[in-house]
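Trainee: I'd like to learn how to read a structure like this one. Can you walk me through it?

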Amino acid sequence: MITILGIESSCDDTSAAVIRDGVILSNVIAGQAVHERYGGVVPELASRAHQQNIIPVVHDALKQAAITKEEVSAVAFTRGPGLLGSLLVGTSFAKGFSSALDIPMIEINHLQAHVLAHFIKEDANDTNQPEFPFLCLLVSGGNSQIILVKAYDDMEIVGQTIDDAAGEAFDKCAKVMGLGYPGGPVVDRLAKSGNPDRFQFSKPHIAGYDYSFSGLKTSFLYFLRDELKKDAGFIENNKEDLCASLQKTIIDILMDKLHRAAKDLQIREVAVAGGVSANSGLRAAFEEYSRRQGWKIHIPKFAYTTDNAAMVAISGYYKYLDNQFCGPDVVPYARVSIG
Ligand code: KG4
């Protein structure tokens with residue numbers, strides 16, 4: 001029996017989870033409301049909040065899993081990429097936990113963990129995991145990548161954004177409309193009662209499988225500026241249609257390249273991961289591609305879309321099976337690729 005305690009603290013969510021033999025026993029996440037009034041994550045405040053949250057979050061994760069800390073086989077933690085001060089809290093906690101219980105430590109790449117979230121089993125009979133090789137669209141506030149997943153620890157970037165991430169496009173355009181932060185979920189909610197074909201925004205012409213979202217953001221901004229000159233209430237009176245049209249444009253851009261990559265690489269097993277995978281329009285687009293293109297799709301549970309420790313614990317589980325441990329001298333890294 002292998003029991004992994006996962007720790008995630010890369011940005012503004014403090015999370016701890018317990019996975020036993022690949023099956024989820026608990027996944028506790030503490031968010032940080034302190035950033036809301038600043039319209040974005042403030043790194044120093046994030047580290048301080050992690051320090052306050054980490055002990056109670058781990059305590060709750062062990063309690064919900066109904067295990068004692070002595071039953072943990074190894075502690076897996078996010079080494080990076082992320083905010084250095086935030087990562088330091090999780091890394092230091094993992095070092096203390098591992099040393100006190102004399103159990104191994106496992107370092108986890110946060111981006112790989114998002115992809116491996118698809119391997120979390122809800123119970124021992126859950127067999128809905130992807131088969132290698134598969135493609136994963138990783139879309140979050142900091143990333144938009146198409147990843148070829150060849151094995152648990154062998155991933156290759158096929159395409160990625162050359163400027164803004166998809167989540168950033170949602171958030172920045174939402175900010176222009178005064179919808180608060182993070183704007184992605186608000187755009188999603190308003191889009192449900194809007195007309196996605198009402199407004200057209202520019203789509204990028206980038207070679208290969210790469211993405212670009214900065215042009216969309218600019219075209220959205222200029223469009224609103226011009227309309228507001230004619231009607232000061234333009235945003236308020238049209239926000240549902242604006243959100244629906246913006247969301248459709250972002251999804252079209254994402255799906256077009258993903259479709260091309262899947263076709264060229266002759267892969268029909270396709271997954272989506274990261275914060276933006278919570279988007280209802282993107283989920284519906286995946287379902288549609290599954291019907292029309294015969295894709296076998298993998299859409300994560302909502303709890304595994306944003307940052308969570310369950311994905312860290314499952315990644316740790318597979319590294320444990322492969323004897324991939326790290327020493328106490330390990331340091332976090334702010335930047336690192338998925339490959
Ligand atoms: O993976 P994630 O939690 O962490 C970061 O990369 O920071 O992703 C957060 C991103 C934000 O940009 C947020 O607006 C976006 O995911 N997001 C959404 C939705 N839920 C979260 N975007 C569109 N629709 C949603 N329902």
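Mentor: Sure, starting with the elements: helices (H or I, at least four residues) and strands (E, at least two) are DSSP runs, numbered from the N terminus. Residue numbers start from 1 along each chain as its sequence is written, and side-chain values use heavy atoms, leaving out hydrogens and water. This is a predicted model, where local features need pLDDT of at least 70, side-chain atom pairs count only at pLDDT 80 or more, and totals for chains, interfaces and linings use all residues.

Trainee: Where does aspartate 102 lie?

Mentor: Aspartate 102 is in the loop between α2 and β5 (105–109). Its phi is positive, about 55°, although aspartate 102 is not a glycine.

Trainee: Which peptide bond leading to proline 81 is cis?

Mentor: That's the one from glycine 80, with omega near 0°. Proline 81 belongs to the loop between β4 (74–80) and α2 (84–101). Another cis bond runs from tyrosine 181 to proline 182, with omega near -10°, and proline 182 is in the loop between α4 and α5.

Trainee: Which residues come nearest the ligand?

Mentor: A residue counts as near if one of its heavy atoms lies within 4 Å. Of the 17 residues around the ligand, the nearest are Gly141, Asp171, Asp188, Gly275 and Asn279.

Trainee: What polar side-chain atom lies 2.6 Å from an oxygen atom of the ligand?

Mentor: One from aspartate 171. A polar contact is a pair of N or O atoms within 3.5 Å; within protein, one must be able to donate a hydrogen and the other to accept it, and residues adjacent in sequence count only if both atoms are side-chain atoms. Glycine 275 brings a backbone N or O atom 3.0 Å from a ligand oxygen. The elements giving two or more residues to the shell around the ligand are α4 (166–176) and α5 (184–191).

Trainee: How do the shell residues divide into nonpolar, polar and charged?

Mentor: Ala, Val, Leu, Ile, Met, Phe, Trp, Tyr, Cys and Pro count as nonpolar, Asp, Glu, Lys and Arg as charged, and the others, Gly among them, as polar. Here that gives 5 nonpolar, 9 polar and 3 charged.
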